[in-house]
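Visitor: Hi! I have a structure open here and would like to talk it through with you. Could we look at it together?

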Amino acid sequence: MTPPVGGREREGGFVLALVVLMLFAIAMASGAGYLVVSAESRMARHSGESEEALAIARGGLNRFVSEQLGVVADSARYAMGNGEAAVSARRVAEVDEFTHMYFVRSAATVPDPLAQGSPSRRVVGAYAYHRRRPLPLHGALVLSVADISVENPAEVSGDDAGGAVCPGGAQPSITGAIAREGVAEDGTLEGSPEYELWPGGYAQFMNQVALRWDILTDPSFPVDFEDVRPPFSTLPADSFPVVRLNGSPMLNPSWSGRGVLIVTEEFRAVPSFSWEGIVLAGWVDDRVRGSIDGMLVGGFSGTEPYDEIEVQGTIRYHSCNVDRANASLSYLELVDDAVFEID
């Protein structure tokens, strides 16, 4: 029998409703799936940006610490990767006369291109020592060589030649000369004591000097002047810059000046060369010429080609020059295992 016409219409209406319902369900499922995938994508992107922000915060902190030479800056900003690090430093304690404690904070942000108002942000902090006078006053002449000979009429003196020409002048005498095995004098050798012997190898010798030669000679470590003579005539009289000379140039009167002179290889000078402050060298010539009112420390490279070094010039401890130069040499040093994240 043929179904009534009204029955077919009711059956067709049911099928249509069922199709619409199925399409709606498919659309809802697709929408929910899109939302889930979109949310997971945003979470993954945000997680990646958050990790980058943490890396930038740490990088900004390390860069700030490594670039501080002399006076510690209050703040700095660095563009790194896809973001920026804002670093600030605050003194929190005085450990002793030559060491202060700083708290360094680095906040990094990485923008989200799809949510400009909600950048990823991570903050890290650390404590650091400010080594305000990093070079110990061991002696006027400190060389990691077996023997030092002070020739006539040369002079090596640990007695303060500064007198009262600056605040804090007329300091107690220090040792005149320090070597590993022996010190002989035909010229003038003065100090308290006149000399000391530090037996052992180069490594032990330089450990006692306690200066970070690897940092000072690193090309990425900023200094005031690199391979050029400072324009001393235009600098303030109390300015004692840090000058780094790469290699073994022969220093003549045109290189005379003041401050900290870092010679990465061999210190060589003509008799008319003069320097006020501190001279640091990888090693020194077998004949030390010129005049230094301050300190000469050599042998950081660990390779001294000479068994004996003859002093033919004048090296006199000058407390004022050394103090000013030493202050220019000050740097920040992170406390071990002290970097932490701040919520």
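Guide: Happy to, and what follows is a walk through the fold, some strands, a helix and a few backbone details.

Guide: Keep in mind that this is a predicted model.

Visitor: Good to know. How many helices and strands are there in the protein?

Guide: The protein has 4 helices and 22 strands.

Visitor: And what share of the residues is buried?

Guide: Of the 343 residues in the protein, 43% are buried. If you look at contacts with a separation of 6 or more, 55% of them are between residues 24 or more positions apart.

Visitor: What about the accessible surface?

Guide: The accessible surface is about 17200 Å², and carbon and sulfur atoms account for 54% of that. There is also a nonpolar surface patch of about 240 Å², made by Val92, Tyr127 and Phe340.

Visitor: Where does Val92 lie?

Guide: Val92 is part of strand β2, residues 83–96. Its relative accessibility is 38%, so Val92 counts as partly exposed. The cut-offs for that class are 20% and 50%.

Visitor: Let's switch to sheets. Which strands make up the open sheet of 4 strands, and in what order?

Guide: The order is β9-β6-β19-β17, and the pairing is parallel.

Visitor: Which strands stand at the edges?

Guide: Those are β9 (182–185) and β17 (287–288). Each has a single partner strand, so one side of each has no neighbour in the sheet.

Visitor: How many bridges join β17 to β19?

Guide: There are 2 bridges between β17 and β19, the latter covering residues 308–311, and the two strands run parallel. If you want a place to look, Val288 stands opposite Val311 in β19.

Visitor: Remind me, what do strands of a sheet pair through?

Guide: They pair through backbone hydrogen bonds, and the arrangement can be parallel or antiparallel.

Visitor: OK, now β5. Is that strand mostly covered or mostly open?

Guide: Mostly covered: β5 spans residues 139–143, and 5 of its 5 residues are buried.

Visitor: Which strands is β5 joined to?

Guide: One is β8 (residues 175–179), joined to β5 by 3 bridges and running parallel to it. Another is β18, again with 3 bridges to β5 and a parallel run. On the β8 side, Gly139 has Thr175 as its bridge partner. On the β18 side, Leu141 is partnered with Leu296.

Visitor: Does β18 turn up anywhere else? Say, what covers the buried residues of α4?

Guide: The cover over the buried residues of α4 includes β18 (291–298), along with β13, β15 (257–269) and β16 (274–284).

Visitor: How many residues of α4 are buried?

Guide: Helix α4 runs over residues 319–328, and 7 of its 10 residues are buried. They are Ser319, Cys320, Asn321, Val322, Ala325, Asn326 and Ser328.

Visitor: You mentioned β15. Anything to zoom in on there?

Guide: Try Thr264, which has its place in strand β15. With a relative accessibility of 15%, which is under the 20% cut-off, Thr264 counts as buried.

Visitor: What does the side chain of Thr264 reach?

Guide: It reaches the backbone nitrogen of Gly247, at 2.9 Å. Leaving aside residues up to four places away in sequence, Thr264 touches Trp213, Thr217, Arg244, Leu245, Asn246, Gly247 and Gly282.

Visitor: Nice. Last topic, the backbone. Where are there cis peptide bonds?

Guide: One goes from Asn152 to Pro153, with omega near 10°. Pro153 sits in the loop between β6 (147–150) and β7 (155–157). Another joins Ser192 and Pro193, with omega about 0°. Pro193 is in the loop between β10 (188–190) and β11 (195–197).

Visitor: And which residues other than glycine have a positive phi?

Guide: Ala210 is one of them, with phi near 60°. Asp227 is another, also with phi near 60°.

Visitor: Where do Ala210 and Asp227 lie?

Guide: Ala210 is in the loop between α2 (202–209) and α3 (213–216), and Asp227 is in the loop between β12 (225–226) and β13 (242–245).

Visitor: Why do Ala210 and Asp227 count as partly exposed?

Guide: Ala210 does because its relative accessibility is 44%. For Asp227 the reason is a relative accessibility of 39%.

Visitor: Great, thanks for the tour!

How values were computed. Residues are numbered from 1 along each chain as its sequence is written. This is a predicted model: local features need pLDDT of at least 70, side-chain atom pairs count only at pLDDT 80 or more; totals for chains, interfaces and linings use all residues. Side-chain values use heavy atoms; hydrogens and water are left out. Buried means under 20% relative accessible area, exposed over 50%, partly exposed in between (1.4 Å probe, protein chains only). Two strands pair if DSSP finds at least two bridges between them. Contact means heavy atoms within 4.5 Å. Accessible areas come from the Shrake-Rupley method with a 1.4 Å probe; for residues, only the protein chains shown count as cover. Patches are made of residues with over 30% relative accessible area and no salt bridge: like charges are joined within 9 Å, nonpolar side chains (Val, Leu, Ile, Met, Phe, Trp, Tyr) within 5 Å. A salt bridge is a side-chain nitrogen of Lys or Arg within 4 Å of a carboxyl oxygen of Asp or Glu. A polar contact is a pair of N or O atoms within 3.5 Å; within protein, one must be able to donate a hydrogen and the other to accept it, and residues adjacent in sequence count only if both atoms are side-chain atoms.
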